[in-house]
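Here is a short briefing for a reader meeting this structure for the first time. Keep the model in view while reading.

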Amino acid sequence: MKLLRLFALVGAAVADVLLTSPAAGSSLAGGSITLQWTDSGALPALSSLKNADIVLCTGTNTNIQTLLTVAGAVALNTRTSLTVTIPPTIGTTGQYFLKFISTTTSGLVVTTFSSRFTLTGMTGTLVANTGLSNGGPAGTTPAGATASATTTLATSGLGMYASQTGLTRVAPPQRKVGTAITANPATAQPMYPTSTYAPYLAVAPTPAVMTTLTASQTWAYTSYENGAPAAQFVASAHL
């Protein structure tokens, strides 16, 4: 029971958004493609997801190759479809899948992968995989994003660490960094309540907690190569 509860908290396979088109195992030509999605029925709810980046990928479940961001800042909670362009030159004909990097309304970041579909008529040189199962990689869901009003933990995920038992616990993730500092240092309160501790005064017995799991990603960024040409260096002549 504890293992099942932990698995639900970590959310390694939680699918908050379910891609329905392209369908798993389907084949379609590269170019203009209409994506359609729905709520998978698992937490976090689709209604809480916003500002999602949708990224085209290929590769195996353990060796993911990120190829192209086909759409950025997509409000998954206010629409159910989107037409994107996948250039046929991005790779060879083969299996691809999509990666959704979504920010929840509470500032947490959830990563979800779609099932695999085949793109045909591709003319690129990067070799896409073939012959793999239709199931995509497992995503990552911060523990706080799976909390609900009926969970045994605090509904917002606050204070959840102290309320857990067992050798493995899940720590609340950090929230996404904002664009401005609004807190007053004199009155600011901790985001999460502190947990109690007892200093060791002698040789300690077996630890009560051996592993703490935290979210692997709470933010995302995009970087670009500086395409400006280098300034010409002119050597000065001194007599």
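The points below go from the whole chain to single residues.

This is a predicted model. The protein chain holds 2 helices and 11 strands. Seven strands each supply at least two residues to the largest nonpolar core: β1, β3, β4, β5, β6, β7 and β9.

**The chain as a whole**

- Along the sequence, the elements follow the pattern α-β-β-β-β-β-β-β-β-β-α-β-β.
- The protein chain has 239 residues, and 33% of them are buried.
- Take the contacts between residues at least 6 apart in sequence: 69% of them join residues at least 24 apart.
- The exposed surface of the protein chain comes to about 14400 Å². Carbon and sulfur atoms supply 58% of that area.

**The sheet of β1, β3 and β6**

- Strands of a sheet pair through backbone hydrogen bonds, in a parallel or an antiparallel way.
- One open sheet has 3 strands, in the order β1-β3-β6. Its pairing is antiparallel.
- β1 (17-21) and β6 (81-86) are the edge strands. Each of these two pairs on one side only.
- On average, neighbouring strands of this sheet are turned by 40 degrees against each other, direction ignored.
- β1 and β3 (residues 31-39) run antiparallel and are joined by 4 bridges.
- Val17 stands opposite Asp39, a residue of β3.

**Pairings of β9**

- β9 (117-123) pairs with β2 (residues 27-29) in the parallel sense. This pairing has 3 bridges.
- Ser27 has Thr118 of β9 as its bridge partner.
- β9 also pairs with β7 (92-104), and these two strands run antiparallel. They are joined by 4 bridges.
- Gln95 stands opposite Thr118 of β9. Thr118 is thus named in two pairings, with Ser27 and with Gln95.

**The β4–β5 hairpin**

- β4 (49-59) and β5 (64-74) are joined by a hairpin. The link between them has 4 residues.
- The two strands pair in the antiparallel sense over 7 bridges.
- Thr58 has Gln65 of β5 as its bridge partner.
- Asn51 lies in strand β4. Asn51 is not a glycine, yet its phi is positive, at about 50 degrees.
- With a relative accessible area of 41%, Asn51 is partly exposed.
- Ala73 lies in strand β5. Ala73 is not a glycine either, and its phi is positive, at about 55 degrees.
- With a relative accessible area of 54%, Ala73 counts as exposed.

**The nonpolar core**

- In soluble globular proteins, nonpolar side chains tend to be buried together.
- The largest nonpolar core of this model has 25 residues.
- Which residues have the most contacts inside this core? They are Leu35, Trp37, Ile54, Leu56, Leu76, Tyr96 and Leu98.
- Leu35 is in contact with several residues beyond its neighbours within four places in sequence. Among them are Leu19, Ile54, Leu82, Val84 and Leu98.
- Leu35 also touches Ser21 and Pro22, the two residues of a cis peptide bond.

**The cis bond**

- Is the peptide bond from Ser21 to Pro22 cis or trans? The bond is cis, with omega near 5 degrees.
- Pro22 lies in the loop between β1 and β2.

**The aromatic pair**

- The structure holds 1 aromatic pair. Phe97 and Phe113 form this pair.
- The pair is edge-to-face. The rings lie 6.0 Å apart, centre to centre, with 70 degrees between the planes.
- Phe97 lies in strand β7 and Phe113 in strand β8 (residues 109-113), so the pair ties together parts that are 16 residues apart in sequence.
- Phe97 counts as buried because its relative accessibility is 0%.
- Phe113 is buried too, with a relative accessible area of 15%.

Notes
Residues are numbered from 1 along each chain as its sequence is written. This is a predicted model: local features need pLDDT of at least 70, side-chain atom pairs count only at pLDDT 80 or more; totals for chains, interfaces and linings use all residues. Side-chain values use heavy atoms; hydrogens and water are left out. Two strands pair if DSSP finds at least two bridges between them. Axes are lines fitted to C-alpha atoms, for helices over the stretch in contact, and angles run from 0 to 180 degrees between N-to-C directions. A nonpolar core is a set of buried Ala, Val, Leu, Ile, Met, Phe, Trp, Tyr and Cys residues joined through side-chain atoms within 4.5 Å. Buried means under 20% relative accessible area, exposed over 50%, partly exposed in between (1.4 Å probe, protein chains only). Contact means heavy atoms within 4.5 Å. Rings of Phe, Tyr and Trp (its six-membered ring) pair if their centres lie within 6.5 Å; planes under 30 degrees apart count as stacked, over 60 as edge-to-face and the rest as tilted. Accessible areas come from the Shrake-Rupley method with a 1.4 Å probe; for residues, only the protein chains shown count as cover.
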